[in-house]
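Dear colleague,

Please find below the structure I am handing over to you. My findings follow directly after it.

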Amino acid sequence: MADVMLMNEIEAKADRLGLNLSEIDLDSIHLPPGGDNDFGIISDDEDVYQDDQSEFDTGFGNIIVVDNLPVVPTEKFEKLEGVVRKIYGQIGVIKDDGLWMPVDPNTKKTLGYCFIEFNTPQEAENAKEKTNGYKLDRAHIFAVNMFDDFDRFMRVPNEWAPPQIKEYQPGENLQHWLTDEKARDQFVIRAGSDTEVLWNDARHLKPEPVYKRAYWTESYVQWSPLGTYLATVHRQGAAVWGGASTFNRLMRYAHPQVKLIDFSPGEKYLVTYSSHEPSNPRDANRVIINIFDVRTGKVMRDFKGSADEFIGGTGGVTGVSWPVFRWAGGKEDKYFAKIGKNMISVYETETFSLIDKKSLKVENVMDFSWSPTDPIFVLFVPELGGGNQPARVSLVQIPGKEELRQKNLFSVSDCKMYWQSNGEYLAVKVDRYTKTKKSTYTGFELFRIKERDIPIEVLELDNKNDKIIAFAWEPKGHRFAVIHGDSPRPDVSFYSMRTPQNTGRVTKLTTLKGKQANALFWSPTGRYIILAGLKGLNGQLEFYNVDELETMATAEHFMATDIEWDPTGRYVATSVTSVHEMENGFNIWSFNGKLLYRILKDHFFQYLWRPRPATFLTAEKEEEIAKNLKKYSKKYEAEDQDVSQLLSEQEREKRRALKEEWDKWVQEWKMLHEKEKAEREALRDGEASDDEEEYEAKEVEIDEVLDVSEEVLPMDE
């Protein structure tokens, strides 16, 4: 929605435009035809959700109807009302005069149902869930419905009519952007009220616009994991967009006050989350989570409850960590799970119910993490009984819930788990107490998941007391990097899980001493890594080649807040978002650290590369391309040369235009100089020459009386 302008802002703008508001006849202004509020100008949000609004904003969302109550005479009315108030007053706040129990005017008995009005729709929804089917006694089992439901029930026709069969319309190719002849990648940015999708045209050293829209989202945007959809978030829910040549709305998902969204890895499902404050400040926030089918928009399963019922995850809001539900690896989207108190609940998407209709009981479980490729997760349980029962890390396979491997750990302070992108390795960072319990040290438990019996290797740094600042696996590779030591100049070490000399043992490759780095960013294709100093280190960047163990370039993007590689590993984007007031915008770099172009944007919020799906090429075809890379690259080298010549010609043309502009400016001044020649001669008493060397400089002293004053002084007696 556009910002509302205050009257003083309107007057100031009119003043800048040279308009006198007092002279404008406001009655002569004709507004566009339309409603009383929007004047026919529909906002993006209303455009997305105008069809669903009636379902969520009828004005009776906080009222429930309780049926199957006892039918009682007048003398028992107060007693029954007291029982109903006691049951529902524990769930939410009933408004004053919010309980109405109709009475038959002839028999003076109740009719067996009542209406209850709560403070909020969330309390009414909660009351319906908790008491529908409530057994008051053997003969009276509550049937509870939302008052709004009756309006929908009444719209059901009395006679069934077969649904209209719509003629099949072939859809757009949502992967059309992958066929770009220049093999470019797209990215989306948000700055101010605008959201914009662009091509990264690195050859021409600038982005090329694809689609731009103001107020496209009310909070943030998010690409789906394979890049098929762009999701936007609105007051009444979420929407996904895509298309061959532009971005059309493909589906919308009604979820009022949605705050967070998350896709399943294969893009089949969308999870939405909202949190609502309770009427009683002592109660926990009310959480609603919906899981939608992305293509049909159908709600496959919803979860509702207090925030206390939803824990776990890494990034949280209002007491609940996100994502609440974590998806098993792979594109099948078969399993998802959440952590609870002393259990992990694993669901399958065929019926969206618990596997074996029960959760996996794990006493005091603290965290778990799925393999990126297989239905296997690792869980962590801390020490119990004051250290008498050791901490443990376990690998569990789904759906059978078999424990594949377990490792007991002693004197554990904390654990963090890191999967390698192919699911071949798992690193568990273990912080342990020293014998005195006054300090901790860190080591790594390295699991080789694909090998027989899943062997585990222990790795300790040369100085095991070094603080671990960052850890990162090489994507699709066997190496990992660790930043360790003391800031602001810690060390960076590289290790390999296999080398020609030790195929089954971890080996240190090198240690880089005293680097200004606190974050690691591997290229998605491996081999290259950026050692970055973000936040307090002011955007220091070192582009490092791990194959050659050498630095390719060092650079700086002052105050950089985010770094992201494009999905091909050719380019890197560094950005400064609006957490800083100055220098907002982004830089695009080549993989080896050359700055290609820079774009400044005020109020810059987001930069996201569009993900690419996995290649359809076989391993043999990829190997064949690698062997014949020179043959394939000739085409692109010729294109690069043409672009380079074009850019050179454009640069020459730009310089030629600048020189012409300069010559024109000089000529104008010469003409003005000649025009004023007579005036200069008059000022020089008839001397015609402008050559300063023909004149002799003389110093002339002039005395000038500035002021004269008289003062009478008294004489001494």
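**Salt bridges and model confidence**

E542 and K515 are joined by a salt bridge, with their closest N and O atoms 3.2 Å apart. This pair connects distant parts of the chain, as E542 belongs to strand β39 (residues 540–545) and K515 to the loop between β36 (507–512) and β37 (519–522), 27 residues apart. E542 counts as buried, at 9% relative accessibility.

Please note that the model is predicted. The protein has a mean pLDDT of 86, and 88% of its residues reach 70 or more. Among its elements, strand β10 (residues 221–223) has the highest mean pLDDT, 97, and helix α3 (residues 53–56) the lowest, 42. Over residues 34–44 the pLDDT stays under 50, and the model has 14 contacts beyond four places in sequence for them. Residues 313–317 also have a pLDDT below 50, with 12 contacts beyond near neighbours in sequence.

The whole structure contains 37 salt bridges. One of them is formed by the side chains of D201 and K182, at 4.0 Å from N to O. D201 lies in strand β8 (residues 194–201) and K182 in the loop between α6 (147–154) and β7 (186–191), so this salt bridge ties together parts 19 residues apart in sequence. D201 is buried, with a relative accessible area of 6%, whereas K182 is partly exposed, at 36%.

A further salt bridge, between E624 and K621, spans 3.3 Å from N to O. Both residues lie in helix α7 (residues 619–627), 3 residues apart, or about one turn of the helix. E624 is partly exposed at 26% relative accessibility, and K621 is partly exposed at 37%. Finally, E125, E129, R286, D302 and K304 are joined into one network by salt bridges that share partners.

Yours sincerely

Note on methods
Residues numbered from 1 in each chain as written. Predicted model: local features only at pLDDT ≥ 70, side-chain atom pairs only at ≥ 80, totals over all residues. Heavy atoms only, no water. pLDDT = per-residue confidence, 0-100. Helix = DSSP H or I, 4+ residues; strand = E, 2+ residues; numbered from the N terminus. Contact = heavy atoms within 4.5 Å. Buried < 20%, exposed > 50% of the residue type's maximum accessible area, 1.4 Å probe, protein only.
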